[in-house]
Amino acid sequence: MGLLDETLEGTATTARVLGVEGYALTLGYRGERNQWTWERARLVGEVRLGRGCEVFDAPLHDPCLSRDHARLTLRAAGWVLSDRESRNGSFVNGKRVRRSVALQSGDVVRLGDSLMFFERITVGVSPFEEQVTGLITRAPIMTEVRRTVCAAAPRQQTVLISGETGTGKELVAHALHALSGRTGAFVPVNCAALGEESPIRELFGRVDEERVGLLEAASGGTLFLDEVGEMPAGFQAALLRALEDGQVRRVGSDVSRALNIRVVCATNGVLEAQVRAGMFRKDLYARLAQCRVRLPPLRERRSDIPLIAQAVLDRLGAGRRPIDVPLAERLVLHDWPLNVRGLLIALDNAVMSSARMDELMLTPEIEAFLSALREPAPQVKAATSSAPDQAERGLMAMPGKETLITVLKENRGQIARSARALSCTRQKIYRWAAAYELDLEDFRVL
């Protein structure tokens, strides 16, 4: 289990059921203590916010708050935040509120040195809320994820988990396995690392090598196919045959064994577009996507940032070190293109780079890291003199549509040559073509 997996171990708390919708304000950072917290208050009528107010579990004693700092009022068009001519101002998503502003679910509110999240919630206790090991979340948007995991876990359906990199897809796969009651192993497979030449041997094993294939290794348990969109064509065909037959037979053997596995897949790409473009087998997709789970990115569940950040700091041995206000605000307002993985790196840098041992601060190193993530990816050049190594190719940015078309035309639709020109893998060419809805046959010249 890697650092990201260890960081996110935990148990979900009691959630809300589908029922009456409402709105809540979640306090994520207490300015008077300079520390992360998580306190939620359901909004009803007009709400006064200021020093000494008792909206949350404990009164706010932030010295930077005015006594009557701001008001939340429910109007016909929705909830509105009004600043009450406070001394230090009210801010929504980093911008100062001059008089009043209508709030949208997910907005980040800073009053004085206290950070809050305005969110739509559902009211009531959920019968679907089970303990989901591996997920640290109380964000309302994750309620459906938890419900689906708990409902799907004991079934035999294959599950396709989609989401951006760093959102915790493998954690959900582990949770599905843990809740399934299956006694066999959890076998993870990175499909991007599978070879084109020997998918049968990798899947089924080989008698003369006494080698157990992936399917046998996952017998009685769960086979987790990560980056399933990168699966080579030969592997797709072999896997489909095994799932359809429900049997496994090692290469060189005439003895078949019953196949007893649960398949869970993950993708951060546009698998449906690859199916439409003929780059991924339609029949295999139908077999793998019997149940879908979409993991929202961290920017859509900002109220989870305090919970995850505290878990990260605890693992780094810095759980009791207070966080200064600029760092806290920067973390909750960041868009996190690397999601939880990026948050982990940022906090690790904070622990290492803070000059003061009694406080974690927004240092130039962290600011540079966060700023670099916000910069647009550079355009890929149409030709290079030498190909980078595999690790560098894996980080290659997606080229623009016109760039990709130009390269495909210049190389007459030949995938290998186009991949060399863009310094990427062949699978990347297939995925990019599918994303832009390009038919590769249109570029092939006999």
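Y23 counts as partly exposed in this predicted model, with a relative accessibility of 23%, a value that lies between the 20% under which a residue is buried and the 50% over which it is exposed. Its aromatic partner F118, by contrast, is buried, at a relative accessible area of 1%. The points below take up the aromatic pairs, the charges placed over rings, a parallel sheet and a pair of packed helices.

**Aromatic pairs**

- A search of the whole structure finds 3 aromatic pairs, among them the pair of Y23 and F118, which is stacked, with 5.0 Å from centre to centre and 10° between the planes.
- This stacked pair links distant parts of the chain, since Y23 belongs to strand β1 (residues 16-30) and F118 to strand β10 (residues 114-125), the two residues being 95 residues apart.
- Y29 and W36 form an edge-to-face pair, because their ring planes stand at 75°, where an angle over 60 degrees is what that class requires; the ring centres are 5.9 Å apart.
- Both rings of this edge-to-face pair belong to buried residues, as Y29 has a relative accessible area of 0% and W36 has one of 7%.

**Charges over rings**

- The charged end of R110 sits over the ring of F91, at 4.3 Å from the centre of that ring.
- R138 lies over the face of W38, where the distance to the ring centre is 4.7 Å.

**The parallel sheet**

- Five strands, in the order β12-β15-β18-β11-β19, make up an open sheet with parallel pairing, and its edge strands, β12 (186-190) and β19 (291-294), each pair on one side only.
- From one strand to the next, the twist of this sheet averages 20°.
- Within the sheet, strand β15 (residues 222-226) pairs in the parallel sense with strand β18 (residues 262-267) over 4 bridges, and F224 stands opposite V264 in β18.
- In general terms, the strands of a sheet pair through backbone hydrogen bonds, in either a parallel or an antiparallel sense.

**Packed helices**

- Helix α15 (residues 415-422) packs against helix α16 (residues 426-435) at an angle of about 95°, with 8 Å between their axes.
- That angle makes α15 roughly perpendicular to α16, because the roughly perpendicular class covers 65 to 115 degrees.
- The contact brings I415, A416, S418, A419 and L422 of α15 to meet R426, I429, Y430 and W432 of α16.

Technical notes: Residues numbered from 1 in each chain as written. Predicted model: local features only at pLDDT ≥ 70, side-chain atom pairs only at ≥ 80, totals over all residues. Heavy atoms only, no water. Pairing = 2+ DSSP bridges. Axes fitted to C-alpha atoms, helices over the stretch in contact; angles between N-to-C directions. Phe/Tyr/Trp six-rings, centres within 6.5 Å; stacked < 30°, edge-to-face > 60°. Buried < 20%, exposed > 50% of the residue type's maximum accessible area, 1.4 Å probe, protein only. Lys NZ or Arg CZ within 6 Å of the ring centre and 35° of its normal. Parallel < 35°, antiparallel > 145°, perpendicular 65-115°, else oblique. Contact = heavy atoms within 4.5 Å.
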